[in-house]
Amino acid sequence: MNTRSYVLGRTLLVCTVWALAACKIGFSAENTERVLLGHTDGVAALSFSTNGQLLASGGHDLTARLWDIQSGKELAVLFEGSKEVSGYTAESPPPNVLSVAFSPKRDLVAIGTRDGVARIFDVRTLETRAILRGHRGGIRSIYFDPTGQLLATASHDATIRIWNLNTKALVQELLGHTNAVRTAVFSSDGSRVVSGSEDGTVRYWETETGRMVKTVSLNAGEIFSLALSGGGFIAAGCADGSIHIWKIGEESKQWTFQGHRGPVFAVSINASNDLLVSGGEDETIRIWNFKMRTELKNLKVHSAPVIAVSFSPDGKYFASGKLRRQHPHSKSQSRTRAIILKKCGLIKDLKTLVASWLRTIECSHQWIGSRDRRGYCRRLCGICTGGT
């Protein structure tokens, strides 16, 4: 992928050419990516609705937003922390949105904020359905169980809490980690919670009893992200740049993906369990073949650490969000990228790289340029080509 970026005043100009193994990327024959503009600071969390039509995002601008994937339009601002909390102190930090999750029935969105509060919103009415307090640190991960009746929150206070959303009551507090818990997810049947922590361990817990049943030490530094596949595999993004993968019950048979230069802040596995996407401090998004255990593509599409990635449930899209890294007086907006991911059909040799013929050019919010059948650009924006 070749990228040129220029900042002129408040406008970000980007020219991007994509190629991906055995896949096409694009919203149409004209667009390879769609940039969702709205957040004014880093995008920390992303979650697709179960039908793949909506995307929820949360950011360091103290907001949570709802997007329509097909149109790319912002549908609503679910939460504006600046209107709810004032007078920030060390004991009462600003409510940056650190985590978001759609419920299985698509009717609710849950968010976790830096002030340790979980909030539940009705997608249709945009009303607040519940406010859950108790954590003594920011909520880095929030996750619904498969029934939508339980919610798991993981916090900087080194605890995981499980809440009953019918009664709004705390039903379990999972104690055992010795440092901040960065991620906690339910297993596909809801019987277990799997958590990853800055103490360098992954732990399994019984949902019903809260009992810790296993500890897996990876010796790879802090664990920043986890993803569970439908086949019972776990992927853990670690501080040393590695992604450790194993099947539950076969922890001794781990393998690793190596490639990121720095911590892996986000991982996601697609619905068919054959692709994994990761984002890291090295400002790259990497796509891996889960079954062949190889890296397929290294995408440099953000100019800051990538701290959120998420596949849509049908595997057609993935979205990514970045940490803010720009001049303090710049008014350029942070960008949440929603990208269609399409399989090209049955590929016998998944190691073969199939170049995408799609090309996107974004300039002052207008798509320009053209392509020929081989995928070579015939015409570029004069600014992006240096006026030639």
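**Reading strands, sheets and a buried aspartate**

Trainee: Where in the chain is Asp145 found?

Mentor: Asp145 is found in the loop between β13, which covers 139-144, and β14, which covers 150-155. Please keep in mind as we go on that this is a predicted model.

Trainee: Is Asp145 buried or exposed, and which side chain of opposite charge is nearest to it?

Mentor: For a charged residue, one looks both at its burial and at its partners. Asp145 is buried yet has no salt bridge, because a salt bridge needs the charged atoms within 4 Å, whereas the nearest side chain of opposite charge, that of Lys105, is 9.8 Å away.

Trainee: Which backbone nitrogen lies 2.9 Å from a polar atom of the side chain of Asp145?

Mentor: That nitrogen belongs to Gly148. If we leave aside the neighbours within four places in sequence, Asp145 is also in contact with Pro104, Leu150 and Phe186.

Trainee: How should I read the sheet that contains β13 and β14, and what is its strand order?

Mentor: A sheet is read by following its strands from neighbour to neighbour, and here four strands form an open sheet in the order β13-β14-β15-β16, with antiparallel pairing. Its edge strands are β13 and β16 (169-174), each of which pairs on one side only, and neighbouring strands of this sheet are turned by 20° against each other on average, when direction is ignored.

Trainee: How many bridges join β15 to β16?

Mentor: Five bridges join strand β15, residues 160-164, to β16, and the two run antiparallel. Within this part of the sheet, Arg161 stands opposite Glu173 in β16.

Trainee: What is the strand order of the open sheet that contains β5?

Mentor: Its order is β5-β6-β7-β8, an open sheet of four strands with antiparallel pairing. The strands that pair on one side only are β5 (43-48) and β8 (74-80), which are therefore the edge strands, and five bridges join β5 to β6, residues 54-59, in an antiparallel arrangement. In this pairing, Ser47 stands opposite Ala56 in β6.

Trainee: How many residues of strand β11 are buried?

Mentor: Before we count, recall the general idea for strands: in a regular strand the side chains alternate between the two faces of the sheet. In β11, residues 118-122, five of the five residues are buried, and the strand is mostly covered. Ala118, Ile120 and Asp122 point one way, while Arg119 and Phe121 point the other way, and all of these are buried.

Trainee: Which strands do bridges join to β11?

Mentor: Five bridges join β10, residues 108-113, to β11, and four bridges join β11 to β12, residues 128-132, with the strands running antiparallel in the first case and also in the second. Gly112 has Ala118 in β11 as its bridge partner, and Phe121 has Thr128 in β12.

Trainee: What is found in the turns of these hairpins, and which residues there have a positive phi?

Mentor: The hairpin of β10 and β11 has four residues between its strands, and Gly116 in the turn has a positive phi of about 85°. The hairpin of β11 and β12 has five residues between the strands, and there Leu126 takes a positive phi near 65°.

Trainee: How many helices and strands does the chain have, and what share of its residues counts as buried?

Mentor: The secondary structure comes to one helix and 35 strands, and of the 388 residues of the chain, 57% count as buried. For contacts with a separation of 6 or more, residues 24 or more positions apart account for 45%.

Notes
Residues are numbered from 1 along each chain as its sequence is written. This is a predicted model: local features need pLDDT of at least 70, side-chain atom pairs count only at pLDDT 80 or more; totals for chains, interfaces and linings use all residues. Side-chain values use heavy atoms; hydrogens and water are left out. Buried means under 20% relative accessible area, exposed over 50%, partly exposed in between (1.4 Å probe, protein chains only). Lys and Arg count as positive and Asp and Glu as negative; His and the chain ends are not counted. A polar contact is a pair of N or O atoms within 3.5 Å; within protein, one must be able to donate a hydrogen and the other to accept it, and residues adjacent in sequence count only if both atoms are side-chain atoms. Contact means heavy atoms within 4.5 Å. Axes are lines fitted to C-alpha atoms, for helices over the stretch in contact, and angles run from 0 to 180 degrees between N-to-C directions.
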